[in-house]
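Trainee: Please pick one part of this model and take me through it closely. Give me the cut-offs as you go.

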Amino acid sequence: MDGIKYAVFTEKSIRLLGNNQYTSNVESGSTRTEIKHWVELFFGVKVIAMNSHRLPRKGRKRGPIMGHTMHYRRMIITLQPGYSIPPLIEKRT
């Protein structure tokens, strides 16, 4: 599960939950088959489709040196009807 960083909660991702589609950021070096295998093993669900795109890099300046943030890919995972992934929100105390 090292390849999957965290779940994404935006307006679009919340809208996609109605279509049984879940959005998460993953390592850019992970392949689609690895991610599919991890999701099916960890959550016990069946994945029927996966879409991915690379996020644009954001610049960060540290003194006179210009750098970039870590590069992730965003995956939209579609599950078979009847399967779902429990909420990934941690309760803070």
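Mentor: Start with a pair of charged side chains. Glu27 and Lys5 meet in a salt bridge, with 2.7 Å from N to O. The term requires a side-chain nitrogen of Lys or Arg within 4 Å of a carboxyl oxygen of Asp or Glu. By that rule the count is one salt bridge. Glu27 belongs to strand 2 and Lys5 to strand 1, so the pair ties together parts that are 22 residues apart in sequence. Strands here are DSSP runs of E with at least two residues, helices are runs of H or I with at least four, and both are numbered from the N terminus. Glu27 is partly exposed, at 26% relative accessible area. Lys5 is partly exposed too, at 37%. The classes are buried under 20%, exposed over 50% and partly exposed in between, using a 1.4 Å probe and protein chains only.

A word on the source. This is a predicted model, where local features need pLDDT of at least 70, side-chain atom pairs count only at pLDDT 80 or more, and totals for chains, interfaces and linings use all residues. Residues are numbered from 1 along each chain as its sequence is written, and side-chain values use heavy atoms, with hydrogens and water left out.

Strand 2 is the part to look at. It spans 21-27. Six of its seven residues are buried, so strand 2 is largely enclosed by the rest of the structure. Its pairing comes next; two strands pair if DSSP finds at least two bridges between them. Strand 1 and strand 2 run antiparallel and are joined by three bridges. Within that pairing, Ile4 has Val26 as its bridge partner. Strand 2 also runs antiparallel to strand 6, with seven bridges between them. There, Ser24 stands opposite Met75.

Val26 shows what strand 2 touches. Setting aside neighbours within four places in sequence, Val26 contacts Gly3, Ile4, Lys5, Ile35, Tyr72, Arg73 and Met75. Contact means heavy atoms within 4.5 Å.

Val26 also sits in the largest nonpolar core, which has twelve residues. Such a core is a set of buried Ala, Val, Leu, Ile, Met, Phe, Trp, Tyr and Cys residues joined through side-chain atoms within 4.5 Å. The members are Ile4, Tyr22, Val26, Ile35, Val39, Val45, Val47, Met50, Met75, Ile77, Leu79 and Ile85. Strand 2, helix 2 (32-43), strand 3 (47-54) and strand 6 (72-79) each supply at least two of them. Strand 6 gives the largest share of this core, three residues.

Now the two flanks of strand 2. Asn20 is in the loop between helix 1 and strand 2. Asn20 has a positive phi of about 65 degrees, although it is not a glycine. At 14% relative accessibility, Asn20 counts as buried. On the other flank, Ser30 lies in the loop between strand 2 and helix 2. Ser30 is buried, with 7% relative accessible area. Beyond residues up to four places away in sequence, Ser30 touches Gly3, Ile35, Trp38 and Arg73.

Follow the chain into helix 2. Lys36 lies there, and at 33% relative accessibility it counts as partly exposed. Leaving out neighbours within four places in sequence, Lys36 contacts Val47 and Met50. Its C-alpha atom is 22 Å from that of Arg15, and the two residues are 21 apart along the chain.

Finally, the whole protein. It has two helices and six strands, in the order β-α-β-α-β-β-β-β. The C-alpha atoms fill a box of roughly 55 × 35 × 25 Å along the principal axes. Of the 93 residues, 29% are buried. Among contacts with a separation of 6 or more, 60% join residues 24 or more positions apart. The accessible surface is about 7000 Å², and 53% of it belongs to carbon and sulfur atoms. These areas use the Shrake-Rupley method with a 1.4 Å probe; for residues, only the protein chains shown count as cover.
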